[in-house]
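Welcome, and thanks for taking a look. Here is a short briefing to help you find your way around.

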Amino acid sequence: MVQEEADLVTAEVPATGETSIEADARVAQIAALATTARELLARRKWAEAERAYEQLLLLQQAAEDRLGIARTKNDLASLYLAQQEWQQAIELLERSQRVFEEAGDPEQEAVALNNLAAAQYELGQTELALANYERALEMRRTMGDLVGEAKTLRNLGMVYAKQGNKMRAKAYLNQAISVARKANAGDLVKIIRKSLSQLPRH
């Protein structure tokens with residue numbers, strides 16, 4: 001499954017009693033720590049990335065930045081997904097998805113739903129995974145997010161392929177290729193074609 005990362009985290013709400021200089025310094029500190037955590041995650045330095053994300057969460061909690069916290073939990077869940085710690089990822093993603101839903105942030109909610117579905121699938125919760133992929137797909141279509149739509153179509157195709165439903169898998173993967181082409185996402189087209197070529201022949 002294709003997991004995704006949330007946008008870089010920024011604090012937007014000054015904590016009470018702060019001067020604008022203190023607030024600016026806090027925002028800069030949070031942004032720098034978010035960048036560091038992201039880089040560590042990309043370099044697969046799991047323990048260091050987890051520590052950085054935990055520090056980031058503490059700063060965001062002190063700033064009462066609910067959306068920032070939810071974005072960080074999405075990123076931290078990506079770390080757990082990479083380490084196959086499915087239940088930990090699910091717990092974080094369920095909470096962050098609700099925050100994004102309440103805040104009216106469909107872009108980040110779709111990322112959370114996509115990653116939540118990936119973890120649910122790995123735990124054998126196939127029906128929940130399919131439902132969450134479908135929700136993410138609907139949001140991405142509404143937003144006109146072609147790359148996100150193609151990724152989610154691919155993920156749906158892969159779930160059906162693993163269930164042995166080759167025809168449905170092929171239909172989703174072909175749709176994913178078409179949407180990825182519209183988005184001029186050549187690398188994504190290659191990934192989806194590879195998935196299509198790996199479907200059983202019989």
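Is the crossing of helix 3 and helix 5 left-handed or right-handed? In this predicted model, that crossing is left-handed. The notes below begin with this pair of helices, then turn to the nonpolar cores, a few buried and exposed residues, and two loops.

**How helix 3 meets helix 5**
- Helix 3 covers residues 66-82 and helix 5 covers residues 106-122; the two pack at an angle of about 25°, and their axes lie 11 Å apart.
- Because angles under 35 degrees count as roughly parallel, helix 3 is described as roughly parallel to helix 5.
- On the helix 3 side, the contact is made by R71, N74, S78 and L81, while helix 5 brings Q108, V111, A112, N115 and A119.
- Sorted by class, the residues in this contact are four nonpolar, four polar and one charged.

**The nonpolar cores**
- The largest nonpolar core holds 29 residues, and Y53 and A89 have the most contacts inside it.
- Five helices each supply at least two residues of this core: helix 1 (20-42), helix 2 (46-62), helix 3, helix 4 (86-103) and helix 5.
- If you select A89 and set aside its neighbours within four places in sequence, you will find it in contact with A77, Y80, L81 and A119.
- Two of those partners should look familiar, since L81 of helix 3 and A119 of helix 5 also take part in the contact between these helices.
- There is also a second, separate core, made of 27 residues, and L153, M158, I177 and L188 are among them.

**Two buried residues to look up**
- Q97 sits in helix 4.
- With a relative accessibility of 7%, Q97 counts as buried, because the cut-off for buried is under 20%.
- Beyond its neighbours within four places in sequence, Q97 is in contact with E109, A112, L113 and R135.
- For a sense of distance, the C-alpha atoms of Q97 and E50 are separated by 20 Å, and the two residues are 47 residues apart along the chain.
- N132 belongs to helix 6, which runs over residues 126-143.
- N132 has a relative accessibility of 8% and so counts as buried too.
- Leaving out neighbours within four places in sequence, the contacts of N132 are L113, L116, A117 and Q120.
- L113 appears in the contacts of Q97 and also in those of N132.

**An exposed residue in helix 9**
- D187 is part of helix 9, which spans residues 186-197.
- The relative accessible area of D187 is 59%, so D187 is exposed.
- Between the C-alpha atoms of D187 and F100 there is a separation of 29 Å, with the pair 87 residues apart along the chain.

**Two loops with a positive phi**
- Which residue in the loop between helix 1 and helix 2 is worth a click? Try R44, which is found there and has a positive phi of about 60° although it is not a glycine.
- R44 is exposed, with 56% relative accessible area.
- In the loop between helix 3 and helix 4 you can find Q84, another residue other than glycine whose phi is positive, near 60°.
- Q84 counts as exposed, at 56% relative accessibility.

How values were computed
Residues numbered from 1 in each chain as written. Predicted model: local features only at pLDDT ≥ 70, side-chain atom pairs only at ≥ 80, totals over all residues. Heavy atoms only, no water. Axes fitted to C-alpha atoms, helices over the stretch in contact; angles between N-to-C directions. Helix = DSSP H or I, 4+ residues; strand = E, 2+ residues; numbered from the N terminus. Parallel < 35°, antiparallel > 145°, perpendicular 65-115°, else oblique. Left-handed = near helix turned anticlockwise from the far one by under 90°. Contact = heavy atoms within 4.5 Å. Nonpolar A, V, L, I, M, F, W, Y, C, P; charged D, E, K, R; others polar. Buried < 20%, exposed > 50% of the residue type's maximum accessible area, 1.4 Å probe, protein only. Core = buried A, V, L, I, M, F, W, Y, C linked by side-chain atoms within 4.5 Å.
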